[in-house]
Amino acid sequence: MPAFKRTAVTLLAAGAVVGTTLATAATASAAASYHCKTSSSPTFDDPSYNGPDSDNWSFDVKLCAKRSGGYIYTTATVYWDGPYSSGTNNHFTFNKARFHLQTKKSVRGTDPVVAYANYTGLERALENSSATGNGSYQTGTIKTKATAASYLADGYIQLDWSGDGKDYKAPIHFTASPTV
């Protein structure tokens, strides 16, 4: 192979390796830039079920925030350990269930909400848990224009149990993400 072609092939191969390395590093950097906090709830009893099988639910929520390209991104993942019985783990468990995700500006005192979204897909996910009653649900991502201030992700679960004749119960709160 002529020296010019050999040099060109070598440069193309080197460029491909460098390009792949930079792309991988950029992807890893973006993935690692979320700052997250996981916290747990107490156990909640299904008020409409009084049978012999398990009917308790407990939740863990991972709230995450990151700053990138002049924006704040917030997201949450809900994990649960619910009842294992098909008699209490079906599409009749909840009338409604949602995760209320908030992007908050970190200030002294009460942090103001700058953006929020309700993720009602939580109901379907809860009612389609595994045979052992476990599962998880990932919310979407809120993208908010950033200023020089610090921001965080916060949120809560609201459940409306079927058969209890009431609407959403009091929110189930979790620990907010670290600030970004």
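This briefing describes the fold, the sheet pairing, the aromatic contacts and the nonpolar core of one protein. The model is predicted. Two helices and nine strands make up the secondary structure of the protein, and 37% of its 180 residues count as buried. An aromatic cluster of five named residues, Phe44, Trp57, Phe59, Phe94 and Trp161, and a largest nonpolar core of 31 residues are treated in turn below.

**Overall architecture**

- Read from the N terminus, the order of elements is α-β-β-β-β-β-α-β-β-β-β.
- Among contacts with a separation of 6 or more, 68% join residues that are 24 or more positions apart.
- The exposed area of the protein is about 9,900 Å², of which carbon and sulfur atoms supply 56%.

**Sheet and hairpin**

- Four strands form an open sheet in the order β5-β4-β8-β9, and their pairing is antiparallel.
- The edges of this sheet are β5 (113-119) and β9 (172-173), each of which pairs on one side only.
- Strand β4, residues 94-106, pairs with β5 in the antiparallel sense over six bridges.
- Within this pairing, Gln102 has Tyr116 of β5 as its bridge partner, while Leu101 stands opposite Ala117 in β5.
- In general, strands of a sheet pair through backbone hydrogen bonds, either parallel or antiparallel.
- The strands β4 and β5 form a hairpin with six residues between them. In the turn, Gly109 has a positive phi of about 95 degrees.

**Aromatic contacts**

- Five aromatic pairs are found in a search of the whole structure.
- One of them is the stacked pair of Trp57 and Phe59, with 6.5 Å from centre to centre and 10 degrees between the planes. Both Trp57 and Phe59 are buried.
- The ring centres of Phe94 and Trp161 are 4.7 Å apart and their planes stand at 35 degrees, so this pair is tilted.
- Because Phe94 lies in strand β4 and Trp161 in strand β8 (residues 150-161), the pair ties together parts that are 67 residues apart in sequence. Phe94 and Trp161 are both buried.
- The residues of these two pairs belong, with Phe44, to one aromatic cluster.

**Lysines over a tyrosine ring**

- Lys143 lies over the face of Tyr71, at 4.3 Å from the ring centre.
- Lys145 also lies over the face of Tyr71, at 4.9 Å from the ring centre.

**Nonpolar core**

- The largest nonpolar core holds 31 residues. Those that touch the most other members are Phe59, Val78, Trp80, Phe99, Leu126, Ile157 and Leu159.
- Strands β2 (56-68), β3 (71-81), β4, β5 and β8, together with helix α2 (121-127), each supply at least two residues of this core.
- In soluble globular proteins, nonpolar side chains tend to be buried together.
- Leaving aside residues up to four places away in sequence, Ile157 touches Phe59, Val61, Val78, Arg98, Phe99, Leu122, Ala170, Pro171, Ile172 and Phe174.
- Phe59 thus appears in several of these settings: Phe59 pairs with Trp57, belongs to the aromatic cluster and is listed among the core residues that touch the most other members.

Note on methods. Residues numbered from 1 in each chain as written. Predicted model: local features only at pLDDT ≥ 70, side-chain atom pairs only at ≥ 80, totals over all residues. Heavy atoms only, no water. Buried < 20%, exposed > 50% of the residue type's maximum accessible area, 1.4 Å probe, protein only. Contact = heavy atoms within 4.5 Å. Areas by Shrake-Rupley, 256 points an atom, 1.4 Å probe, with all protein chains shown as cover. Pairing = 2+ DSSP bridges. Phe/Tyr/Trp six-rings, centres within 6.5 Å; stacked < 30°, edge-to-face > 60°. Lys NZ or Arg CZ within 6 Å of the ring centre and 35° of its normal. Core = buried A, V, L, I, M, F, W, Y, C linked by side-chain atoms within 4.5 Å.
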